[in-house]
Amino acid sequence: MLDAKLVRGSTEEIAEKLLVKQFKLDVSRIQALEGRRKEIQVKTQELQNERKVGSKRFGQLKAAGEDIAPLKAEMDRLGEELKVSEDLLNQVQHELNDILLQVPNIPDPSVPAGTTEDDNVENRRWGTPREFDFEPKDHVALGELNGELDFETAAKLSGARFAVIKGKLARLHRAITQFMINTHIEEHGYEEIYVPYLVNADSLRGTGQLPKFEKDLFKIEREDQHDLYLIPTAEVPVTNVVRDSIVEGADMPLSYVCHSPCFRSEAGSYGRDVRGMIRQHQFDKVEMVHVVRPEDSWDTLEKLTGHAESILKKLNLPYRVVTLCGGDLGFSSAKTYDIEVWLPGQQKYREISSCSNMTDFQSRRMMARWRNPETGKPELVHTLNGSGLAVGRTMVAIIENYQDERGRIQVPEVLLPYMGGVTKI
């Protein structure tokens, strides 16, 4: 959530910055509401002052034994008028807050202009795509060939965009997860955390999924209880660990790594990536979350992206890093790097990780703060997150990049300790 004072004081300037994200801020509505808010606030303060003066006079008259009935009637009238004014003020403030909940984060000045993913800017590449002396298959064909990637049974169980993974391929999926978590803990200094897969609306509001993206979520309605939602990413519960709290400066920064399933309805994405495991309703991901001091967040974004890249380097999977343009940038993000892995079956790079700096956008919604030891006062933290990596897409990349002409899959060397002697699938 943007700073309400900043938006009220610099509405047109903020609106221009948000155009980079292809978002049109309703300037006239905000300015009209702000004018109304100021008007009501002035009246409310006047009424409060009148009541304060009247209360003091009431005490004096009562102590002197004088008739207080006329003043009491006036005080009752003031009280009723003040309540009406306070209710109106709250109503206008709630309306302004509802608008702000729908407004995305301001993009960093370094974010390139553009409207779609075609306008993203490539920063660097690592590795050289393998040249095959045969026509490489995609992961769907390879999975069907060995019978361990089963979309037909998944459709029978749940419908489209699910997968059943069996045998050695299931073990590979588990090995990838364990390898990622171990690397981030042992080499990058993250603390592992396990969180609920069901969260309340406050958690999703805190990280920016609600109210704007409710259609993308799987919701569980419960009678006489708060509704719960299946998490779209571990970013939601892990970041909300610091909601409504003050982290002591000595405990900063916080760096968490979490493996979880993710559940997305993919509303509005029909017709895109319907084949295979690229865009599923359920998938696993290893998520990295940082809670840092504001002055450290941009350096942390570079470090976070490097941690995700290191996984692909260890797996010897070619990739590239791109900076998302404004039109492709997420709602809560001020800047995002996408890491895209090379998929021979598609002959293109596909996203496998997004690493984002949310600045104080999420922390303001969550009231997540840290105590600055220099001032002793609480200040908003900055939050960042990134995939380290999406497990299913990593498996897809391994299947396609490590295939041979017979459809067998060579297990990457760094995963062999997790495979129980299995070297080929």
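1. Start with the charges: Glu295, Asp296, Asp299, Glu302 and Glu374 together make up a negative surface patch. Keep in mind while looking around that this is a predicted model.

2. To find the patch, go to Glu295, which sits in the loop between strand 10 (282-292) and helix 10 (297-314). Glu295 has a relative accessible area of 55%, so this residue counts as exposed.

3. Now for the rings. The count of aromatic pairs comes to six. One of them is Trp126 with Tyr319, a stacked pair with 5.8 Å centre to centre and 20 degrees between the planes. The planes are under 30 degrees apart, which is why the pair is called stacked. This pair ties together distant parts of the chain: Trp126 belongs to strand 1 (residues 121-126) and Tyr319 to strand 11 (residues 319-323), 193 residues apart.

4. How buried or exposed are these two partners? Trp126 has a relative accessible area of 27%, so it is partly exposed, whereas Tyr319 is buried, at 1% relative accessibility.

5. Another pair worth a look is Phe331 with Phe361, which is edge-to-face: 5.6 Å centre to centre, with 80 degrees between the planes. Here too the pair links distant parts of the chain, with Phe331 in the loop between strand 11 and strand 12 (335-343) and Phe361 in helix 11 (residues 361-366), 30 residues apart.

6. Both of these Phe residues are buried: Phe331 has a relative accessible area of 10%, and Phe361 comes in at 0%. Phe213 joins the picture as well, since ring pairs link Phe213, Phe331 and Phe361 into a cluster.

Note on methods: Residues numbered from 1 in each chain as written. Predicted model: local features only at pLDDT ≥ 70, side-chain atom pairs only at ≥ 80, totals over all residues. Heavy atoms only, no water. Patch = residues over 30% accessible without salt bridge, like charges linked within 9 Å, V, L, I, M, F, W, Y side chains within 5 Å. Areas by Shrake-Rupley, 256 points an atom, 1.4 Å probe, with all protein chains shown as cover. Salt bridge = Lys/Arg side-chain N within 4 Å of Asp/Glu carboxyl O. Lys, Arg positive; Asp, Glu negative; His and termini not counted. Charge placed at Lys NZ, Arg CZ, Asp CG, Glu CD. Helix = DSSP H or I, 4+ residues; strand = E, 2+ residues; numbered from the N terminus. Buried < 20%, exposed > 50% of the residue type's maximum accessible area, 1.4 Å probe, protein only. Phe/Tyr/Trp six-rings, centres within 6.5 Å; stacked < 30°, edge-to-face > 60°.
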